[in-house]
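Student: I should like to learn how to read a structural model. May we begin with the empty spaces inside a protein?

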Amino acid sequence: MQKKDPVQNSEQLGNLLLRYKKIFKPPQQSVLLEVVVVIKEVLGIEVSTTQFSYTVASRVVYIKTPSIIKTEILKKKEIIKKALAQRLGDQHSPVDFI
C-alpha cells in the first residue's frame with residue numbers, strides 16, 4: 001500500500017491555510033496603514049490613518065484630509081492604486097478613492 005504524497009493532501013495544515021488565505025480579507029486598519037505608507041512614498045506627504053476611512057465591503061477609501069492634500073492624492077490616484085495592488089494583492093486592494 002502506497003502512502004499519499006503530503007503535498008497533494010488538501011487536508012494538510014499548510015494547504016488548508018493556503019486555501020483560507022485566498023478567502024480572508026485584510027482588516028480595515030492594515031489597509032489604512034498601507035495607504036499611509038504608499039502616499040508617503042508616492043507624494044512625500046505625511047498623513048495619518050485618522051485622515052482616511054476604509055469600507056471593506058465596497059473597498060473604497062474615503063479621504064478626510066484638507067482639500068490641498070486631497071487634490072494631490074486624487075491626481076496620483078492611479079499610481080497609488082497600482083502600488084496598493086502590488087502590496088495587498090488585486091483582490092484585497094482598494095478599488096477607488098473618494
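Tutor: A cavity is a set of grid points where a 1.4 Å probe fits but cannot get out. Please note that this model is predicted. The largest cavity here has a volume of about 40 Å³.

Student: How many cavities of 30 Å³ or more does the structure hold?

Tutor: The structure holds one.

Student: Which residues line the largest cavity?

Tutor: The lining consists of K25, P26, Y54, V56, R59, Q91 and H92. By character, these residues divide into three nonpolar, two polar and two charged.

Student: Which residues does Q28 touch, leaving aside those up to four places away in sequence?

Tutor: Q28 touches Y54 and V56, and both of these residues also belong to the cavity lining. The side chain of Q28 reaches the backbone oxygen of Y54 at 2.6 Å. Q28 and V56 are 28 residues apart in sequence, yet their C-alpha atoms are 6.4 Å apart in space.

Student: Is Q28 buried, exposed or partly exposed?

Tutor: Residues between 20% and 50% relative accessibility count as partly exposed. Q28 is partly exposed because its value is 38%. This residue is found in helix 2, which covers residues 28–43.

Student: Which residues of helix 2 are buried?

Tutor: An α-helix has 3.6 residues a turn, so residues three or four places apart point the same way. In helix 2, V31, L32, V35, V36, V38 and I39 are buried. The buried residues of helix 2 pack against several elements, including strand 1 (52–55) and helix 4 (77–88).

Student: What follows helix 2?

Tutor: G44 follows, with a positive phi near 75°.

Key:
Residues are numbered from 1 along each chain as its sequence is written. This is a predicted model: local features need pLDDT of at least 70, side-chain atom pairs count only at pLDDT 80 or more; totals for chains, interfaces and linings use all residues. Side-chain values use heavy atoms; hydrogens and water are left out. Helices (H or I, at least four residues) and strands (E, at least two) are DSSP runs, numbered from the N terminus. Buried means under 20% relative accessible area, exposed over 50%, partly exposed in between (1.4 Å probe, protein chains only). Contact means heavy atoms within 4.5 Å. A polar contact is a pair of N or O atoms within 3.5 Å; within protein, one must be able to donate a hydrogen and the other to accept it, and residues adjacent in sequence count only if both atoms are side-chain atoms. On a 1 Å grid over the protein atoms alone, a cavity is a set of points where a 1.4 Å probe fits but cannot get out, and a pocket is an open set with protein on both sides within 12 Å along at least five of seven lines; lining residues have an atom within 4 Å of a point. Grid points are joined across faces, edges and corners, and a volume is the space filled by probe spheres set on the points. Ala, Val, Leu, Ile, Met, Phe, Trp, Tyr, Cys and Pro count as nonpolar, Asp, Glu, Lys and Arg as charged, and the others, Gly among them, as polar.
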